[in-house]
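Grab a pencil and work through a few exercises on the model shown here. Each one sets a task and then solves it step by step.

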Amino acid sequence: MPPIQPNAWLRGRRAPHEAPAETGRRSRSPETRGTSMKIQLKALLSCGAAAIALAAGQAWAADDVAEEAETVEAVVITAAPVARGNTIVTADAIAAQPAAMNIINAIQDVPGVAIRGSDAFNADPWTYGVNIRGFDINLRSSKIGQTIDGMPAYNASYYLGGAPAQKYLMSENVERIQIDQGTTGVGSASASALGGTIAYITRDPKEEAGGLVAITFGDNEARRYAGVYDTGRVLGDTTRAYVGLARFTACRWVYGCSDGSGFDEWHVEAKSVTELDKLTITARISYDDAVDDPLIEASRSFLDGTTAGDASVPAWTSTPAGVNENWAHAWSAHRENTLAYVKFDYALSDAVQFEVAPYFHHQKGQGDWAPPYQQIAIGPDGVRTIAGGTAAGSSRKRAYYGWTDASGRQRAVVQGLDYTDVDGTRITSSLCYGAGGAVSASCVPLQTYRTSLYSHDRYGFTSKARFEFGQHRVEAGVWYEKLDRDFGRAWRQIVDVRKGPDYYTAPQLIDFMQHFSTDQWKLYVEDVWTLGDLTLTGGLQKYLIEIDGETEGWDAYGKSTAPLRTSLNADSDVLFSLSALYRVNENLQVFGGFSQNYGAAGDWALEKTQTDTSKLKSSVADDFEAGLRFHGRRFSAQVTAYYINYKNAITFYSADFITGGPSGSNGGINYTAGTSGAYANTGKGIESKGVEASFVYDLSEAFKLSGALTLNDSTYQEAFTGGTANAGSVKPVAKGNEVPGAPTTLVSLGLDYRRDNFRAGVRAKHTGKTAGDAPNTPSLYLPAYTIVDLSAGYRLPLENGRAVDFQVNVTNLLDEGYIGGMLDEFTQRYTRGAPRTVSAGLSFSF
């Protein structure tokens, strides 16, 4: 059979593990993962262990933080339209966690924030999640905004091609993380910030030339090598710049690295700042290339009834069904992300300032699954087609066994069906099946890679103007973004399951191809009015969003026909915010306010071709907050009470679980789920109310005690029936049900020690019992658990500003067993949390 050529959009692409020849090869195996690092780790660990600091400081109380951080907590800039409790996580707190750890874990002790994850370093985007006041970031949903230096990250879910923050950032170059729990700023560049914003701010290049090289070793054969170099002042003292490079590899903790699965990531980034009189030009670019093998989710009955690490199997075998389909390395996701911006900041005077920042983001990648069969499409003339398996008149068939022709090519044989293959070869059922369905010994099991194809280009700009006059500070701005996104799916035949997972690069079947174009504008204005000790802030924002979608069409013979075109208007009403901050004295502040947050329906709603876009409304969350903030010489504290009313909730309607397998077993994954189904509003959404509190107490010059408490009640306001796209059947949800993934109780407590060049500490985080699905199935609640982490570090100064730094981290010190991952609200699939993990890092700065 000659190679089958894909359509124009597929042509020239290679899967992450494909070879340039006819067949693709999986890239990693247990033999090539590298030698064990136990000896190296023991040598590093001989220096000692201990503690991670609780990473939640009160930014308004810190005299040496950047102006933006100070004004955030004073509630006088557009990033904080409501006087509210928000937290700044500093670079020191980020550095206290393992260098290989997902940077999102640095905010895990912020009140109101719950971080999920099952990988030892939370490097697995498939199972990690964030919940703030009942609003989630997970595999298939994103209701919390994220920005990088004020530029919009791609806030789509990971399943739709979104990228977690660690794909844009090196932890060594992050100055701080600002968390706005529950609300987002009027000027924030996000259209999906129903539950607040996580803003990552990278550091500026240093004034003097110098650099840093670092190496980290850890359990699970974790290795991270990183280097950063700052140029200092160059080009006539006008410009500073740095460039950084990091390489991270680790295996999944399940099976002790013997199955060859894991994480493999290259990252490079650079930033420059040029100062020309009144004009400052800041430019940054990052590139990330990662292959991630996930922990494979399982039912709770499986996890509760076994000691298995996850639902994966340890090795590839000749048995597709139930074995190879659960080999973790067959679930790979390969993504390349490039994000760049140039920011022009012009200060006309002390009272008038303008800023414009064009940006660009490109992503391409592929996600793999390995269904335990091959999928083919047959036209009405009895001839197999490549494209158009869902076209009218065509019939999709599963082939579980194959016949090998004289050239060694396996042909898909379907029981009870005779057809003509694309090269004219006649394939009959009798080649593999005899009387009563008996399978011939000469036929072999078949398997396929179902490859989801991701590609998008985002480009646009943020802009703002600030004016100060009298008691007013006014900011107005425009954000524009154009998003062009392609999403498709192709099936690629595995050459021979008895010999391994290599596959043919040419598609066996093109499932679907979709193209989306989004034009998005955001206009906003805000006035901060200072009246002595009282500051009033009022803001308006408006979104103008037009989305067009196109699903490619084919006739039953695989020939192109007119595509299905859809469109969606996701304009918002004018959204309001109003807040007040009163400084009682130099130590005490009182604040309160109201804000409307927006969650626009995105192009994901058009992926499912049965969505009635004329009736779909975007979501709005009304947020009310009030609180107190105290800062003394040795003690600082904050308490915030909140109420959130989430309206126009959107859910998915479909039944995606099927009867699967040659034996007719029930409950199998639907590997064929594609463009069917619909998104629709379910009326009122989540109602969240609660209290968040945090404190920092200097026990002495060396010891610091810190803690945080969250009491949260997030429930569904109306009964509805819904589900998650491609994840399972729809399920009924009762009014008053608890929101899954939103713990009712979170408690953090940390003790830091720092004296001279030595630092150490311990932290504990308790997560209360949490609903595990939207129907609140009693057996699926996530049990309460407490994680204790330790770390210790020593910095040895050398001559000429050089220094050596050593740090040891122990996460999950007590080896607590817990459910660490919950995919989403309806899937009812979970993963275990990682066991105790030790890592050690050594760096040299110059």
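**Exercise 1. Work out the handedness of the link between Cys432 and Cys443, and say which parts of the chain the pair ties together.**

Step 1: the torsion about the S-S bond is -95°, which makes the link left-handed. The sulfur atoms of Cys432 and Cys443 are 2.0 Å apart, and a disulfide here is a pair of cysteine sulfur atoms within 2.5 Å.

Step 2: both Cys432 and Cys443 sit in the loop between strand E23 (426-427) and strand E24 (444-445), so the pair ties together parts 11 residues apart in sequence. Strands here are DSSP runs of E with at least two residues, helices are runs of H or I with at least four, and both are numbered from the N terminus.

Step 3: check the cover. Cys432 is buried at 1% relative accessible area, and Cys443 is buried too, at 7%. The scale: buried is under 20% relative accessible area, exposed is over 50%, and partly exposed is in between (1.4 Å probe, protein chains only).

Before going on, a word on the source: this is a predicted model, where local features need pLDDT of at least 70, side-chain atom pairs count only at pLDDT 80 or more, and totals for chains, interfaces and linings use all residues. Residues are numbered from 1 along each chain as its sequence is written, and side-chain values use heavy atoms, with hydrogens and water left out.

**Exercise 2. Find the partner of Cys251 and give the disulfide pattern of the protein.**

Step 1: Cys251 bonds to Cys257, with the sulfur atoms 1.7 Å apart.

Step 2: Cys251 is buried at 2%, and Cys257 is buried at 10%.

Step 3: look at the backbone. Cys257 lies in the loop between strand E12 (239-251) and strand E13 (262-276), and its phi is positive, about 75°, although it isn't a glycine. Most residues other than glycine have a negative phi.

Step 4: the count comes to 2 disulfides. Numbering the bonded cysteines along the chain, the pattern is 1-2, 3-4.

**Exercise 3. Locate Glu221 and say what sign its phi has.**

Step 1: Glu221 is in the loop between strand E10 (210-218) and strand E11 (222-230).

Step 2: phi of Glu221 is positive, near 55°, in a residue other than glycine. Glu221 counts as buried at 16% relative accessibility.

**Exercise 4. Lay out the open sheet that contains E2 and E7.**

Step 1: the 5 strands run in the order E2-E8-E9-E6-E7, with mixed pairing. Two strands pair if DSSP finds at least two bridges between them.

Step 2: E2 (86-90) and E7 (151-152) are at the edges with a single partner strand each, so one side of each has no neighbour in the sheet.

Step 3: E2 and E8 (residues 174-181) run antiparallel and are joined by 5 bridges. Asn86 stands opposite Asp180 in E8.

**Exercise 5. Describe how E29 and E30 pair, and pick out the glycine in their hairpin.**

Step 1: E29 (residues 534-554) and E30 (residues 560-569) are antiparallel over 8 bridges. Thr551 has Leu564 in E30 as its bridge partner.

Step 2: the hairpin has 5 residues between the strands, and there Gly558 takes a positive phi near 85°.
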